[in-house]
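Here is a short tour of one protein model, with some helices, a few unusual backbone spots and a ligand site along the way. Have the structure open as you read.

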Amino acid sequence: MEKYILIIQCDIAHNRCSGFACTNSFYERSGAFEKYGENIKYISFTCGGCCGKSVAAKIEHFTRKLTLKTDILKDEVIIHLASCMVTDNAHYDRCPHVDFIKRILAKKGFTNVVEGSYISGGASRKREMGIYKDYKGGCCTDS
Ligand code: SF4
Ligand code: SF4
């Protein structure tokens, strides 16, 4: 049962994005967050920049705080790799380090990893039209 949602965002994309659409999508339970119930904690942070190596330190810090401050277990945490990391969109193609980042998370004991966060209707349409490559999900950064 999920108790904590963690979104990891592309550090490069975050230079031009506050993360609002991801957060709003979580609170609205839309996009990749549709299935979640109430009373779920939420946090987001970026990968720390290419090649994603900083995810190891950030997830370690998160784990320490999770253990100290809550009774939530690692398998009750769902990690969403943000749409800006995993999709092709107007500004960036899919991150070439996604598998590396997933391996870091698995090594640190986090196996509930989902691709996608906020899903843009516009980007999804362009994906259907073949303008963007269709990996999965969608991203807000097409506008
Ligand atoms: S998916 Fe969109 S809203 Fe979320 S962090 Fe990436 S660029 Fe920002
Ligand atoms: S490692 Fe991937 S997600 Fe992180 S900044 Fe680089 S391209 Fe973006």
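Let us begin with a pair of helices: the axes of α2 (residues 55-69) and α4 (residues 98-107) come within 10 Å of each other and cross at roughly 30 degrees. Axes here are lines fitted to C-alpha atoms, for helices over the stretch in contact, and angles run from 0 to 180 degrees between N-to-C directions. Helices (H or I, at least four residues) and strands (E, at least two) are DSSP runs, numbered from the N terminus. The crossing of α2 and α4 is right-handed, a term for the near helix being turned clockwise from the far one by less than a right angle. On the α2 side, V55, A56 and I59 make the contact, and on the α4 side I101, I104 and L105 do. Two residues are in contact if their C-beta atoms, placed from the backbone, lie within 7 Å. By class, this contact has six nonpolar, no polar and no charged residues. Ala, Val, Leu, Ile, Met, Phe, Trp, Tyr, Cys and Pro count as nonpolar, Asp, Glu, Lys and Arg as charged, and the others, Gly among them, as polar.

A word on what you are looking at: this is a predicted model, in which local features need pLDDT of at least 70 and side-chain atom pairs count only at pLDDT 80 or more, while totals for chains, interfaces and linings use all residues. Residues are numbered from 1 along each chain as its sequence is written, and chains are lettered from A and ligands numbered from 1 in the order in which they are written.

Which residues of α4 are buried? They are I101, I104 and L105. A residue is buried if 20 or more other C-beta atoms lie within 10 Å of its own, exposed if 12 or fewer, and partly exposed in between, with C-beta atoms placed from the backbone. Seen down the axis of α4, its buried residues fall within an arc of 95 degrees, so they line one face of the helix. The arc is that of the directions from the helix axis to the C-beta atoms. Turned away from that side are the exposed residues D99, A106 and K107. The cover over the buried residues of α4 includes α2, β3 (77-81) and β4 (113-115).

Helix α1 (residues 20-28) has A21, C22, S25 and F26 buried. Their arc, seen down the axis of α1, is within 135 degrees, so these residues too line one face of the helix. They pack against β1 (4-9) and β2 (41-46), while F20, Y27 and E28 are exposed on the face turned away.

Now for some backbone angles:

| Residue | Place | Phi |
|---|---|---|
| R29 | loop between α1 and β2 | near 55 degrees |
| N39 | loop between α1 and β2 | about 55 degrees |
| G109 | just after α4 | about 95 degrees |

R29 is partly exposed, with 13 other C-beta atoms within 10 Å, and N39 is exposed, with 6.

Finally, the ligand site. Around ligand 2 are C10, D11, I12, C47, G49, C50, C51, G52, M85, C95 and H97, where being near means a C-beta atom, placed from the backbone, within 6 Å of the molecule. This shell divides into seven nonpolar, three polar and one charged residue. C50 lies in the loop between β2 and α2, and a cis peptide bond with omega of about 15 degrees joins C50 and C51.
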